[in-house]
2 protein chains.
Amino acid sequence: MSKAGERAYNAIRDQILDGTLAPGSQVREEDIAHACATSRTPVREAIRRLEGEKLIERDRQRSYVRVWSEAAMRDVFALRLMVEPYVAGQAARLIQPESVDVLRRANDIYRRELAMARPDISVIVTQNNLFHETLLDATGSDVLQMILPRLIAVPIVPLSLRRYDRPQLEKALEEHDELVMALEARDPEWASMIMTGHIHRARRVFFET
Amino acid sequence: MSKAGERAYNAIRDQILDGTLAPGSQVREEDIAHACATSRTPVREAIRRLEGEKLIERDRQRSYVRVWSEAAMRDVFALRLMVEPYVAGQAARLIQPESVDVLRRANDIYRRELAMARPDISVIVTQNNLFHETLLDATGSDVLQMILPRLIAVPIVPLSLRRYDRPQLEKALEEHDELVMALEARDPEWASMIMTGHIHRARRVFFET
DNA sequence: CTATGGACCTTTGCATACAATTGTGGTGAG
DNA sequence: CTCACCACAATTGTATGCAAAGGTCCATAG
C-alpha cells in the first residue's frame, strides 16, 4: 500500500499490540502524524482501518485504544474454538509443500529458543504468530483471512503465550509439530482435532492465570 | 460519525449491496465524491472502511467492487453454520422479554405477507433481516456484533431469501417461530439446534438453485 | 504486422489550510 | 457554595492543490 499510510498503520497497531498504547488511552492524529513524520491525512486512514478491526473505538469524535472485557474474551475464545480448527482442516486440504517448510522452520526456531537456559519469549511469540498466519494463508480463503485476524489481533491474545510456563510452551510446540504431520498427511480431521486441543489449552491458560 | 464520511460510506455500501455497483467494477474516488456532493477526503475514508469489510478490493492503486467466488461463499456458509447457532444459544441465555416481542412481531408481519396471494418478497427480506439482527443484539456481545455482519453483509447473502419458493419461505417462518419458543424457554441447546437447521437449509437453497 | 519505447492522461497519495464540533474552565447569578 | 451558561481551547472533519504512480495509446523501428 501507500508508504506513509502503511507506516502509520503499522506504527499504531504495533504500539497497541505491545501495550505501548495502553487500552483506553486516547489516540490523537497529530501525535501519530508527528511520530511518523507525516501529515494527519494518512494517519486518519490508518485509524479508520484499525477502527474497522476493532482495535480502536470512537466516542463522538475522539479515538481510544479499545478495552476488552472478560466477557468479550470469552466470546473470542469460543469463536476461535470454532474457526481455527476449520482453518487447520482447510489448510490440510490445500497447503503447498513450501508452506509446510515455513511451518517447520518456525517450529525449529521455536524449539531452539526453548532449549536455551533463558528462552527469549518474544522470539517464541514471533514464531508462534508466524505459524498461525502461515496456516491461515495456506487456506487461500479470503473469508477466513477476513474473519480470523479480528479474533486474534486482540491486544491480549498474541501475548497470552507469555503466561505459559516451560512445560506449557513445550506442549504447545509438540502440538505444532503434530499439526505439521497432519498437514503433510493431508488429513483434515486430524489437523482440526489437534487445533481444537491447542486452542482449548490456550483458553485454560488464559482464564486460569 | 462524520456527516459526509457517513454519507459516502452508506452510498457506496448500498450501491454494492443492491448491485448498482457491479462486482468487479472500478470505484473512483472522484465519482463518489461528486455523487455525494463532497470532496475526495471523506470518500477515501469510506473506501478504506469498505476495504476492511472486504466489500472493496485493491489492485495496486485502484479500487474495485469485490467479486465473491463460489469457494468464498462456501466458507461464508461454513462459518455461519458455526457462529449463528452460537448466537442463538447466547441469545437464549441473555435475551430480554422486549426483544422477544420484537422477534414475534417480525414473524407476524412475515406471516401476514406470506399469506397474501402475491407476497412482496422485500417485506419478507426486511423482517428476516430484522429477526436475525435482533437476535444478534440480544447477545449483547461486541465480538459477535463485530464478526457476524462480516459474514452476512456479502452482496448475495441478504438476497438469498429471494431464491426461496413458497414452501421454503413457510418452512423458514416455522423455524423462526420455533426459535422464539426456544428463546422463551431459555433453552440454548434447542435454540442453537434450530438455527443450525435453518442455516443448513439456507445453504442448500443457495447452492442448489 | 508486431513489438517496444515514451509521452500523456487518469487516478490516487499526501500535505496544508480552514471549518466545525466537542470538551473544559471560569465567571456570575441564585 | 453550587449550578448553569458562555467563551475559549483542543481535536477532528472537510476541502483543495499539487505530487507521484500506473495505465494507455500512439509512433516508430524491426
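Phe131(A) is buried, with 22 other C-beta atoms within 10 Å. Phe131(A) belongs to helix 6 of chain A, which covers residues 121-138. Beyond the residues up to four places away in sequence, Phe131(A) touches Leu103(A), Ala106(A), Asn107(A) and His176(A). Phe207(A) lies 76 residues from Phe131(A) along the chain, and the C-alpha atoms of the two are separated by 23 Å.

The model is predicted. The mean pLDDT of chain A is 91. In that chain, 96% of the residues reach 70 or more. Confidence varies among the elements of chain A. The highest mean pLDDT, 96, belongs to helix 5 (residues 97-115) of chain A. The lowest, 83, belongs to helix 7 (residues 142-152) of chain A.

Chain A carries an open sheet of 3 strands. The strand order is 1-3-2, and the pairing is antiparallel. Strand 1 (26-27) and strand 2 (56-59) of chain A stand at the edges. Each has a single partner strand, so one side of each lacks a neighbour in the sheet. Strand 2 of chain A is joined to strand 3 (residues 62-65) of chain A by 4 bridges, and the two run antiparallel. Opposite Glu57(A) stands Tyr64(A), in strand 3 of chain A.

In chain B, strand 1 (residues 26-27) pairs with strand 3 in the antiparallel sense over 2 bridges. The bridge partner of Gln26(B) in strand 3 of chain B is Tyr64(B). Glu57(B) also stands opposite Tyr64(B). Strand 2 (residues 56-59) of chain B pairs with strand 3 of chain B, again in the antiparallel sense, over 4 bridges. These two strands of chain B form a hairpin with 2 residues between them. Arg60(B), in the turn, has a positive phi of about 60 degrees. Strand 3 of chain B has two faces: Ser63(B) and Val65(B) form the covered one, Arg62(B) and Tyr64(B) the uncovered one.

Chain A superposes on chain B with an RMSD of 0.8 Å after a rotation of 180 degrees and a shift of 0.5 Å along the axis. The two copies are therefore related as by a two-fold rotation axis. The same surface serves both copies, since 100% of the contact residues of chain A recur in chain B.

The contact between the chains takes 22 residues from chain A and 22 residues from chain B. On the side of chain A that touches chain B, helix 3, helix 4 (70-94) and helix 7 of chain A each supply at least two residues. Helix 4 of chain A gives the largest share, 8 residues. By class, this side of chain A has 11 nonpolar, 2 polar and 9 charged residues.

Both chains contribute to the surface near each DNA strand. Around DNA strand C there are 19 residues, of which Ser2(A), Ala4(A), Thr38(A), Ser39(A) and Thr41(A) come nearest. Chain A supplies at least two residues from each of helix 1 (3-17) and helix 3 (40-52). Chain B does so from each of helix 2 (29-35), helix 3 (40-52) and strand 3 (62-65). The surface near DNA strand C has 2 nonpolar, 9 polar and 8 charged residues.

DNA strand D also has 19 residues around it, and Ser2(B), Ala4(B), Thr38(B), Ser39(B) and Thr41(B) come nearest. Here helix 2 (29-35), helix 3 and strand 3 of chain A each supply at least two residues, as do helix 1 (3-17) and helix 3 of chain B. The surface near DNA strand D divides into 2 nonpolar, 9 polar and 8 charged residues.

Key
Residues numbered from 1 in each chain as written. Chains lettered and ligands numbered in written order. Predicted model: local features only at pLDDT ≥ 70, side-chain atom pairs only at ≥ 80, totals over all residues. Buried ≥ 20, exposed ≤ 12 C-beta atoms within 10 Å, placed from the backbone. Contact = placed C-beta atoms within 7 Å. Least-squares fit on C-alpha atoms with pLDDT ≥ 70 in both. Near = placed C-beta within 6 Å. Nonpolar A, V, L, I, M, F, W, Y, C, P; charged D, E, K, R; others polar. pLDDT = per-residue confidence, 0-100. Pairing = 2+ DSSP bridges.
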